[in-house]
Amino acid sequence: MSRYSLMMRIHQAAAAVVALAVSLSFQGASGQTPRIYWDDEVPAGWTGKWQDDVLTVAERTRYARTMTSEQNLEFITALRGKTEFVHVVNMFISPLRKVAPAMVIANPRVTSPQQARASGKPVVFLFGNIHPPESEAAEALQMIARDLTIGSRKALLQNQIVIIVPIFNVDGTDTLVPQDGSLGSETPHIFGTRENSQGLDLNRDSVKLETAEANGMYRLLNAWDPVLLLDGHLMSRVNHGYANTYGTTTVPAAAPGPRDYTHDTLFPAVRAAVRKDFGIEVFTHALFGGRGAWPPTTWSHDAAAWTVEAKFIVNDYGLRNRLAIITETPGQPTFERRIYGQYAYITALLEYTNAHAKEIQAIVKAADDKTVAEVQTRAESGQLRNWLDGEYQSRGKIDVLGYRTNVAEYRAGTSFMSTRPGTASGPPETVSVDDLTKPVGTRDAVVPRGYLMRADMANIAEKLRAHNIRVTTLDKPMRVEGEAFLIKQMRSVRSGGYDMTTLDGAFSPLETRDFPAGSFYVDMAQPMANAAFYYLEPQARDGFVGWRVMDPQLRALTAAGAAAEYPIFKMRRTKN
């Protein structure tokens, strides 16, 4: 026996002992231990039996293929012919002239946001295929739609309305390429491209809203106002031992109430339910820090590229005082296992949201009310502040499941990249690491009572309205006291693969200004105040300035090279 084989057997034996200890720690009062499925394992017959016309593409092909946008439409059409619970909204027409259908699933059926509000039920929004090579959530969402409408989970519509969008990036989904193994698995053999037809990453468009796809989704979000949004992803080849991982909004400027409830209350409950009801382990969306050394010492959001920026839809949605969740399966298990990981987590989540619907509604209402009240009571005095940027700090030591090795190699007899047998398989080990996932603010600024802009900044006013932020046009002159930001330098900085704009400068002392009729006014006494603050502040990490939304105005102002004034004024109070 080679030294490598001997070491692998020793590691696997140790992992089995650890897994037994982990399993015993999960026993309930009855002493019954749920079976835990590892690496590629799934329960036999877990999808149930269905008529051919409502089988998913993955099911029909034994998990070798994933759906196209046309096959998604066919599935939705077949489902509509078997249930009264579905209403379809076409969110947008893509640049390649394809539609992105959203299934509004409710009992009784609802066909408008007004009917949804009248029902008193909260709306939950679930979507997949923002990155089409990561199609596990798309396939799982079709299965869940089937369960909710013609399957055994109709009761989950008792207290909630569920909107399901299996495919968001329709053009990328239909730009088919062969699997190259770079994400960790050989299946599905054919899938779409990460970007849309314009070469843009739709999960970097949540602030600037420059794509038809993002604008279409945000129109739906503005109208239906979901209390919770979930975006399903895949993380590629990883060394942790979880079937799925989850995260929430980490932009420090977001209201802490919904974020803390999601992290401290919802996540532990759903994690326990996934283990109990589906037999898999799930945990925080993060990766081991360092360069592959074993044992690892940190468990980090940054290592998983989950920054504290609003560029991600989940992070941006948290600025609305709503719950937001990202899920990320590991890449190396089979396609079926990855679909099962998404299916299990999202189903357990819907069980939770249905059981706690009123509680979640109360959480988001309290955040809305507090946001407005704080502006009304503290903004004029200059006491109200919020965060422009942040970082991750430690939550303390935790135990995490992981594999020592995860080696990519071609499967013998094929040209498919797979995983070397004996690596990233079987029960994982438990390691103690520093949990670097706590978002903490590092730079802040005064939150004004309102923002004022000149009449020639209609493009900025419309961008704010696209984000559901109320902007009014003054019908008479307005005299105010406030502060202006004086730009010393406008710089371009490369960050996260993008050229971002940064402004150096400082705010002036309080001064009085007159704004004529026709100027735009953002009253910050509105639930969207945290978002408005983050987008409009000149030194926010990735607001409108950072994402170059304001570059045309800023270039014109700074063209001469001299100091200039930022064209949005922070109003502290009105003056007679």
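The axes of helix H3 (residues 69-80) and helix H5 (residues 136-150) come within 11 Å of each other and cross at roughly 5 degrees, where axes are lines fitted to C-alpha atoms, for helices over the stretch in contact, and angles run from 0 to 180 degrees between N-to-C directions. H3 and H5 are therefore roughly parallel to each other, since angles under 35 degrees count as roughly parallel, over 145 as roughly antiparallel, 65 to 115 as roughly perpendicular and the rest as oblique. On the H3 side the contact is made by Asn72, Phe75 and Leu79, and on the H5 side by Gln142, Ala145, Arg146, Thr149 and Ile150, contact meaning heavy atoms within 4.5 Å. The names used here follow DSSP runs, numbered from the N terminus, with helices (H or I) of at least four residues and strands (E) of at least two.

This is a predicted model, in which local features need pLDDT of at least 70 and side-chain atom pairs count only at pLDDT 80 or more, while totals for chains, interfaces and linings use all residues. Residues are numbered from 1 along each chain as its sequence is written, and side-chain values use heavy atoms, with hydrogens and water left out.

A second pair of helices meets in another way. H10 (residues 335-355) and helix H11 (residues 357-378) pack at an angle of about 80 degrees, with their axes 4 Å apart, and that makes H10 roughly perpendicular to H11. Tyr352, Thr353, Asn354 and Ala355 in H10 meet Ala357, Glu359 and Ile360 in H11. H10 itself has 21 residues and reaches 30 Å from its first C-alpha to its last, close to the 30 Å expected at 1.5 Å a residue, the expected span being 1.5 Å times one less than the number of residues. H10 is also mostly covered, as 18 of its 21 residues are buried; buried means under 20% relative accessible area, exposed over 50%, and partly exposed in between (1.4 Å probe, protein chains only).

From H10 the reader can turn to the interior. The largest nonpolar core has 66 residues, and those with the most contacts inside it are Ile164, Leu266 and Tyr345; such a core is a set of buried Ala, Val, Leu, Ile, Met, Phe, Trp, Tyr and Cys residues joined through side-chain atoms within 4.5 Å. H10 gives the most to this core, with 11 residues. Leaving aside neighbours within four places in sequence, Tyr345 is in contact with ten residues listed by name, namely Leu230, Asn244, Tyr246, Leu266, Phe267, Val270, Val274, Val282, Ile325 and Thr327. A second, separate core of 46 residues includes Tyr451, Tyr535, Ala540 and Val545.

Helix H8 can be followed next. At 1.5 Å a residue, the 23 residues of H8 (residues 256-278) should span 33 Å, and its end C-alpha atoms are 31 Å apart, which agrees. H8 nevertheless bends by about 40 degrees at Leu266, and a proline, Pro268, follows within four residues; the bend at a residue is the angle between axes fitted to the seven residues ending there and the seven starting there. The buried residues of H8 include Leu266, Phe267, Val270 and Val274, and these four are also among the contacts of Tyr345. Just after H8, Gly279 takes a positive phi of about 70 degrees.

Some features of the backbone deserve separate attention. Most residues other than glycine have a negative phi, and most peptide bonds are trans. The peptide bond from Thr187 to Pro188 is cis, with omega near 0 degrees, and Pro188 lies in the loop between strand S5 (177-178) and strand S6 (190-191). A cis peptide bond also joins Trp294 and Pro295, with omega about 0 degrees, and Pro295 is placed in the loop between strand S10 (287-288) and strand S11 (298-300). Arg62, in the loop between helix H2 (57-60) and H3, has a positive phi near 55 degrees and is exposed, with a relative accessible area of 76%. Arg97, in the loop between strand S1 (86-93) and strand S2 (99-105), has a positive phi near 65 degrees and, at 65% relative accessibility, counts as exposed.

Finally, Leu510 is found in the loop between strand S23 (498-507) and strand S24 (511-515). Leu510 and Gly482 are 28 residues apart in sequence and 5.0 Å apart in space, C-alpha to C-alpha.
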